[in-house]
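Me: I'd like to learn how to read a protein model. Could you take me through one, a feature at a time?

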Amino acid sequence: EALKSNAVVEHEWTSFYSVFDKTFLSIFPTFVHDFNELLTPGAKVTPASSQMLTPELRIYALVRLGIDSSERISSLLGYSRSTIYAYRSRTRLKALVPEHFEENIMKIASI
């Protein structure tokens with residue numbers, strides 16, 4: 001039963017996301033605020049906790065770290081490539097300056 005269950009895999013993904021989020025936010029403590037500053041007022045992203053990122057923020061955290069290939073992001077986060085593409089496209093459309101959104105993400109400073 002345990003081998004048939006996806007519970008172990010889900011637990012490992014949850015654990016990975018938690019460690020990634022906390023580590024990233026310790027290096028880029030103002031990332032969520034700075035990210036939201038690049039979006040239109042009604043499009044702000046609010047994580048459930050100050051130590052967690054949403055899937056959208058996780059994707060752009062990897063972009064900020066220099067990983068901009070949707071294929072690479074999908075393999076690192078366990079999301080499909082189409083999900084990555086959809087998040088990136090929708091978020092870019094909510095940006096104040098869509099044509100330079102990812103360039104502006106790269107300018108978010110670390111500590």
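Reply: Let's start with a word we'll need a lot: buried means under 20% relative accessible area, exposed means over 50%, and partly exposed is in between (1.4 Å probe, protein chains only). Keep in mind that this is a predicted model, where local features need pLDDT of at least 70 and side-chain atom pairs count only at pLDDT 80 or more, while totals for chains, interfaces and linings use all residues. Residues are numbered from 1 along each chain as its sequence is written, and side-chain values use heavy atoms, with hydrogens and water left out.

Me: Let's try that word out. Is arginine 58 buried or exposed?

Reply: Arginine 58 has a relative accessibility of 6%, so it counts as buried. You'll find arginine 58 in helix H3. Helices here are DSSP runs (H or I, at least four residues), strands likewise (E, at least two), and they are numbered from the N terminus.

Me: Which residues does arginine 58 touch?

Reply: Contact means heavy atoms within 4.5 Å. Leaving aside residues up to four places away in sequence, arginine 58 touches Tyr17, Phe20, Asp21, Leu53, Leu77 and Tyr79. Sequence distance can be a poor guide to such things: arginine 58 and phenylalanine 24 are 34 residues apart in sequence and 9.1 Å apart in space, C-alpha to C-alpha.

Me: Okay, salt bridges next. How many are there in the whole structure?

Reply: A salt bridge is a side-chain nitrogen of Lys or Arg within 4 Å of a carboxyl oxygen of Asp or Glu. The search of the whole structure turns up four. One joins aspartate 21 to arginine 58, with the closest N and O atoms 2.9 Å apart. That pair links distant parts of the chain, aspartate 21 being in helix H1 and arginine 58 in helix H3, 37 residues apart.

Me: What is the relative accessible area of aspartate 21?

Reply: Just 1%, so aspartate 21 is buried. Apart from residues up to four places away in sequence, aspartate 21 touches Gln51, Met52, Leu53 and Arg58.

Me: Which residues are linked in a network of salt bridges?

Reply: Those are Arg88, Arg92 and Glu102. Arginine 88 pairs with glutamate 102, the closest N and O atoms being 2.7 Å apart. Here arginine 88 of helix H5 meets glutamate 102 of helix H6, 14 residues away in the chain. Glutamate 102 also meets arginine 92 in a salt bridge (3.3 Å, N to O). At 19%, glutamate 102 is buried, whereas arginine 92, at 29% relative accessibility, counts as partly exposed.

Me: How do I read a helix that has a buried side?

Reply: Here's the general idea: an α-helix has 3.6 residues a turn, so residues three or four places apart point the same way. Now look at helix H4 (residues 70-77), whose buried residues are Ile73, Ser74 and Leu77. They cover an arc of only 100° around the axis, which puts them on the same side of H4; the arc is that of the directions from the helix axis to the C-beta atoms. The cover over these buried residues includes helix H1 (7-27), helix H3 (55-64) and helix H5 (81-94).

Me: What comes just after H4?

Reply: Glycine 78, which takes a positive phi of about 75°. Tyrosine 79 sits in the loop between H4 and H5, and at 17% relative accessibility tyrosine 79 counts as buried. Its contacts, not counting residues up to four places away in sequence, are Tyr17, Pro55, Arg58, Ile59, Ser74 and Ile84.

Me: At what angle do the axes of H3 and H5 cross?

Reply: Axes are lines fitted to C-alpha atoms, for helices over the stretch in contact, and angles run from 0 to 180 degrees between N-to-C directions. The axes of H3 and H5 come within 10 Å and cross at roughly 90°. H3 and H5 are therefore roughly perpendicular to each other (under 35 degrees counts as roughly parallel, over 145 as roughly antiparallel, 65 to 115 as roughly perpendicular and the rest as oblique). On the H3 side, the residues making this contact include Pro55 and Tyr60, and on the H5 side they include Ile84 and Arg88.
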